[in-house]
Amino acid sequence: MPVVPDARGHYGPFGGRYVAETLVPPLEELTLAWEKAWADPAFRAEYEDLLANYVGRPSRLYFAKRLSETVGARIWLKREDLNHTGAHKINNCIGQILLAKRMGKTRIIAETGAGQHGVATATACALFDLPCVVYMGAEDTERQRLNVARMRLMGAEVRPVHSGTATLKDAMNEALRDWVTNVGDTFYCIGSVAGPHPYPVMVRELQACIGIEAKAQLEDAGVGLPDAIVACVGGGSNAMGIFHAFRDELGVKLIGVEAAGKGIESGEHASSIAGDQVGVLHGQKTYLLQDEHGQVQPAWSISAGLDYPGVGPEHAYFHKTGRAQYISVTDQEALDATQLLSRLEGIVPALETAHAIAALPRIVQFTGPDADILVNLSGRGDKDTETLMRELKL
Amino acid sequence: MNRLDEIFASEATALVTYLCAGDPSVDESLPLFQALADAGADVLEIGVPFSDPGADGPAIQRSAERALAAGATLEKVLEMTGKIQGDSAKVLFGYLNPFLSYGYERLAARCVEVGIHGLLVVDCPPEEEPELRAALDAHNIHPILLIAPTTPDDRIAALGPSAGGFAYYVSMTGVTGAAFQGGQALVDRIARVRKLAGLPVAVGFGIATPEDAASVASGADGVVVGSALVRIVEANGAEAAAELSKLTSALKAAI
């Protein structure tokens with residue numbers, strides 16, 4: 001596989017830096033600062049110390065015996081749900097906030113969908129004593145009230161966004177508007193492998209610890225390389241985080257699971273790769289849900305974290321080149337998988353993560369039973385309790 | 001010769017006006033653009049509504065939402081533009097995705113047919129989309145260059161030769177429609193941008209009143225007014241022509 005991105009952030013025909021001129025020089029400054037920091041052993045040491053002692057890394061690799069028996073292959077769960085704050089998002093936030101400090105930025109902004117990235121940003125900001133503003137679609141502040149309270153508890157200001165569809169994409173528009181206005185002192189902490197260069201590559205590198213650890217853990221377990229790796233994809237940070245260490249191991253199948261919402265044919269879904277239309281939004285060229293006039297279409301998923309009409313440009317590249325395959329799972333299948341994992345393993349996954357679990361029976365059909373499948377258990381489900389109570393009548 | 005070059009070759013400061021096309025509807029926005037042209041706007045910026053206008057403040061966001069809700073599309077906006085009478089130059093102004101979806105060659109050819117002289121794409125820096133630039137060049141449509149307060153001198157100098165018509169200088173870091181911050185520093189900066197880019201400079205973002213316009217007109221080759229006009233459409237809908245005409249005349253007199 002060729003190394004991506006190129007110097008200007010292109011992943012083949014995807015990625016780039018499609019932003020208003022005001023943000024081009026700050027993104028260039030950010031790119032240089034990031035490259036310098038990531039090459040600096042002192043920065044890496046501070047980041048890794050926090051990952052170990054604050055986040056609790058390495059996260060465990062757990063062989064899910066009962067789930068394995070049920071789906072008919074050997075299933076290994078990478079337990080990102082056990083991280084501090086309950087998801088993989090914190091890995092990235094620790095790195096970006098350290099970078100913000102190093103760049104002398106005094107104010108942090110972020111967008112959030114499910115609230116996990118918002119919580120992780122608020123957490124890192126509390127740790128480093130930085131003021132934090134989180135933009136969140138008004139609809140998501142309702143769906144994810146628990147996370148709104150957590151962010152406020154840690155001193156972050158949560159600003160509900162009412163414009164557009166009042167979900168993640170609109171929160172990102174509003175964060176970009178804030179950044180373009182306050183670009184001198186403000187650091188924009190993006191939560192996915194999405195947005196203008198250098199965000200997709202920076203977030204990939206800050207999440208790559210997931211795959212690096214899993215590779216070593218599978219080796220130690222005597223498995224060696226897995227046959228397949230499965231992760232859910234909204235913007236795609238947990239998937240890229242676990243895929244990256246295996247990208248050149250071409251025998252390892254990489255499978256991303258998008259949200260099919262109420263079904264692809266219903267039009268109410270968040271499967272931008274399945275939609276197969278290339279477009280430009282939020283600084284990147286990628287697969288984008290849009291109408292025939294180039295207007296962005298609202299996404300739908302029961303999980304707020306997958307409810308995004310685009311996908312990170314490296315996933316678009318992996319799809320185009322065939323390095324990874326992308327499949328879709330409906331809201332109902334995700335709900336069923338949430339119950340399945342809860343009852344079989346005593347692990348309540350986030351609704352986002354449940355999409356990866358739900359895909360396993362289909363994946364086993366082509367790997368066969370004698371396969372080791374690594375699943376990124378990207379987050380825990382506590383935040384979804386209200387949705388689960390409503391949908392499952394608990 | 002491209003009409004934009006004729007306008008900016010003149011000694012007078014050009015008045016550049018923006019409206020989002022299709023608000024309150026495509027048919028009803030034609031007389032509104034006509035009112036701007038008849039009242040003396042030298043350049044009409046024809047805003048193409050987009051679902052996610054990330055560089056715009058609330059006034060233009062709402063205008064775009066109204067236009068899309070009323071069924072505006074890029075093709076309908078182009079048709080409407082072709083019906084505007086008079087000798088104002090016209091710049092199509094929007095976000096990349098509707099243009100990408102329409103097709104660059106098709107777009108450039110249609111621009112010629114409907115009398116559009118320049119294209120300004122908010123979220124497409126000159127480094128991206130060489131195919132768009134090639135299509136515009138082939139049809140003598142000027143790619144309009146945006147310069148921001150954050151743009152370093154060497155970048156302005158490097159980008160200038162690739163653009164045409166005029167450079168649009170964004171007066172402040174922020175979104176459209178914020179409060180104007182003029183002053184001598186801005187006038188000095190405009191002069192510097194003109195020299196570095198080798199292009200006439202129109203200044204915009206936040207200019208709302210004849211007083212704002214007058215304060216920068218002496219130093220600039222053009223003055224851009226957008227959100228203030230869009231707010232008139234928001235308040236008056238299809239009946240906005242008279243008020244638009246009044247503000248445009250006052251702006252024209254002030255520069």
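This passage goes through the contact between chain A and chain B, two pockets, and a few unusual backbone spots in a predicted model. Local features are kept at pLDDT of at least 70 and side-chain atom pairs only at pLDDT 80 or more, while totals for chains, interfaces and linings use all residues; side-chain values rest on heavy atoms, with hydrogens and water left out. Residues are numbered from 1 along each chain as its sequence is written, and chains are lettered from A, with ligands numbered from 1, in the order in which they are written.

To start with the interface, 33 residues of chain A and 36 residues of chain B take part in the contact (heavy atoms within 4.5 Å). About 2,600 Å² is buried between the two chains, with 49% of that area given by carbon and sulfur atoms; buried area here is the accessible area, for a 1.4 Å probe, that two parts lose on being put together, summed over both. On the chain A side, Glu21(A), Arg177(A) and Gln295(A) account for 25% of the area buried against chain B, more than any other three residues.

As for polar links, the rule picks out 3 salt bridges across the interface (a side-chain nitrogen of Lys or Arg within 4 Å of a carboxyl oxygen of Asp or Glu). One of them pairs Lys285(A) with Glu129(B), whose closest N and O atoms sit 2.8 Å apart. There are also 25 residue pairs in polar contact between the chains, both residues being at pLDDT 80 or more. A polar contact is a pair of N or O atoms within 3.5 Å; within protein, one must be able to donate a hydrogen and the other to accept it, and residues adjacent in sequence count only if both atoms are side-chain atoms. Strand 2 (14-18), helix 1, helix 8 (168-181) and strand 11 (278-281) of chain A each give two or more residues to the side that touches chain B. Helix 8 of chain A leads with 6 residues. Helices (H or I, at least four residues) and strands (E, at least two) are DSSP runs, numbered from the N terminus. By class, this side of chain A splits into 13 nonpolar, 12 polar and 8 charged residues. Ala, Val, Leu, Ile, Met, Phe, Trp, Tyr, Cys and Pro count as nonpolar, Asp, Glu, Lys and Arg as charged, and the others, Gly among them, as polar.

Now for the pockets. A pocket is an open set of points on a 1 Å grid over the protein atoms alone, where a 1.4 Å probe fits, with protein on both sides within 12 Å along at least five of seven lines; lining residues have an atom within 4 Å of a point. The largest pocket holds about 450 Å³ of space. It has 22 lining residues, and Ala7(A), Arg17(A), Glu28(A), Thr31(A) and His197(A) come closest to its centre. Both chains chip in: helix 1 (24-38) and helix 9 (199-207) of chain A and helix 8 (153-159) of chain B each supply at least two lining residues. Helix 1 of chain A gives the most, 7 residues. The lining counts 10 nonpolar, 2 polar and 10 charged residues.

The second largest pocket comes in at about 230 Å³. Its lining includes Trp38(A), Arg44(A), Tyr47(A) and His244(A), and helix 2 of chain A provides the largest share, 4 residues.

Finally, the backbone. His197(A), one of the residues closest to the centre of the largest pocket, is joined to Pro198(A) by a cis peptide bond with omega about 15 degrees.

How values were computed
Grid points are joined across faces, edges and corners, and a volume is the space filled by probe spheres set on the points.
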